[in-house]
Amino acid sequence: QADIGSAGASPSLSRHGSWVSSGLPTLQVGRMASAARGPRISAAVGGRRTRGGRRIKFEEESPPKPYDWRCTPDHGKAPATSAATPKVDDVGEPPDGILKLQSAEGEVFEVRAELLWASSLIRSVVADAGLDEEIPLPKASAETVAFFLRLCDPSRQAVVGLGLHDISEEEFGGLIWLAKLLDMQRVLLQQLAHLVNDEFPDVYVGIPAELQMLLLRHASDTLQSAALCHILRSVVRAPMSKMYASGIVLAITPLIGSQDEKVRAAALEAFMYFRVVEAKLVLLEHRDFGVRASANRFLRAATPSEETVGAVLQLAANHHSFLVREAAAKALGDIAPVGHELAVQTLADLLADDAREVREAASGALRGIGGTDDPVVIAAVIRQALSKDWPVRSVALAVLAEIAPSKRELVEALATAMQNGGATMAKMSAARVLQSMGSVKELTDRTQRDSEEQHDDSVGPRWGDESGEED
């Protein structure tokens, strides 16, 4: 049986007992009845639902969600808002006219206005002086201007047969300078990315390191996946200055969240290989524990700077994920100098963190950089030892017992007070602290007694000693 609510939809029963129908935008398959009654299929058209049926919806595929490679925020904590993407100005329709560009030698080039209308400089000049005004391009040779106009042709007919090997290093520098002047760097690099795609993999060996960085920053969405992966693996192996390395980090960071799994893996591999502190600071935010641990190992072995310590301090104090705060606290224990005031204060504050992992990491780091009997460190830890929350008191008391051996009476008083009241876990923590202090005291007393006995044996009998008379 069938209930069809649309004219022109003609279901029929096949020889195998299955329904074949056409013209049904939404099909509902009903529950199977007994064998005697046969199969019952009901259909609904136009949003109507028949009794006893269930609707099967065919929906369009939703766009893939961006890959979130960073650690998940703590419950109730929103991630820090990233810098807003700059709004692209509405350039409007280009005028139907000819622009005149003047090179450094005085040669004038006439070009359609629509070809350079993406340039904010060109639009400003046209708005002020009109199309008849010649636009000077200082330091841009006639050859560079002609080459630039050839590359910027959106039809790409002017670059047929052109390869990256045909562009010398000097010409490349002139093209980049002119693109920056006209605010058309992205347009130029997208055209160069098309050349890379056309010649890949043959052109891969000949791409200059600076061009690779600029392609990653401004035209990664134009490059083919294979070419992009090769550039990611090679750009971090080239010799570079600190400024160049910072640019590489800025270029690769967005690609860790690429929709393409191969590009994502290549970007992460590049950062793992890249022996630059800025790259490792980015990896401290990665959701994978092994990646964060690898970044920590690099920071531990590297020569720390005040700038690096400051960046890790920011992550430890302000990050929205406890996993990153934990990794940053461990890193501080390895890279901060002993007694570093800001690091000590930040780690002391982390003793009161909501996450147990962060408290334990801060405790271990304070043992490393807190020194011995430092009054600043002791004051910061005592403040947490007086907290009303027993987990905070417990971890602070354990740190205090280790970094303040001269404050033995104070530690014992705090541990005794905690042992006499509060949660069971707090009592157990206080007992462990007292036991460790007792063991240390017993070991110290035994060592002192052994030392005194050895001293007496070495001195021998004294005048007036009865044992001496016996001898």
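Okay, let's start right at the beginning of helix H8, where a side-chain oxygen of Asp-260 comes to within 2.9 Å of the backbone nitrogen of Lys-262. Before I go on, keep in mind that this is a predicted model.

So, staying with H8. The helix runs over residues 261–273, and with 13 residues at 1.5 Å a residue you'd expect a span of 18 Å. The end C-alpha atoms of H8 are in fact 18 Å apart, which agrees.

Now, which residues of H8 are buried? They are Val-263, Arg-264, Ala-266, Ala-267, Ala-270 and Phe-271. If you look down the axis of H8, these buried residues fall within an arc of 165°, so they line one face of the helix. And here's the general background: an α-helix has 3.6 residues a turn, so residues three or four places apart point the same way.

What sits on top of that buried side? The cover includes helix H6 (225–235), helix H7 (242–252) and helix H9 (277–283). Turn H8 around, and the face pointing away from the buried side carries Glu-261 and Lys-262, which are exposed.

One of those buried residues deserves a second look. Arg-264 lies over the face of Tyr-67, at 4.0 Å from the ring centre. There's another arrangement of this kind elsewhere: Lys-280 has its charged end over the ring of Phe-298, 5.2 Å from the centre of that ring. And how many aromatic pairs does the structure hold? Zero.

Okay, over to the loops. Two residues here have a positive phi without being glycine. Lys-139 has a phi of about 70°, and you'll find Lys-139 in the loop between S7 and helix H2 (142–151). Is Lys-139 buried or exposed? Its relative accessibility is 74%, so Lys-139 counts as exposed.

Then there's Asp-183, with phi near 60°. Asp-183 belongs to the loop between helix H3 (169–182) and helix H4 (185–199). At 49% relative accessibility, Asp-183 counts as partly exposed, because the exposed class needs over 50%.

Last stop, Gly-130. Look for Gly-130 in the loop that joins helix H1 (120–129) to strand S7 (134–136). Gly-130 has a relative accessible area of 24%, so this residue is partly exposed. Where does Leu-99 come in? Gly-130 and Leu-99 are 31 residues apart in sequence, and their C-alpha atoms are 9.3 Å apart in space.

How values were computed:
Residues are numbered from 1 along each chain as its sequence is written. This is a predicted model: local features need pLDDT of at least 70, side-chain atom pairs count only at pLDDT 80 or more; totals for chains, interfaces and linings use all residues. Side-chain values use heavy atoms; hydrogens and water are left out. Helices (H or I, at least four residues) and strands (E, at least two) are DSSP runs, numbered from the N terminus. Buried means under 20% relative accessible area, exposed over 50%, partly exposed in between (1.4 Å probe, protein chains only). The expected span of a helix is 1.5 Å times one less than its number of residues. The arc is that of the directions from the helix axis to the C-beta atoms. Contact means heavy atoms within 4.5 Å. A polar contact is a pair of N or O atoms within 3.5 Å; within protein, one must be able to donate a hydrogen and the other to accept it, and residues adjacent in sequence count only if both atoms are side-chain atoms. Rings of Phe, Tyr and Trp (its six-membered ring) pair if their centres lie within 6.5 Å; planes under 30 degrees apart count as stacked, over 60 as edge-to-face and the rest as tilted. A charge sits over a ring if NZ of Lys or CZ of Arg is within 6 Å of the ring centre and within 35 degrees of the ring normal.
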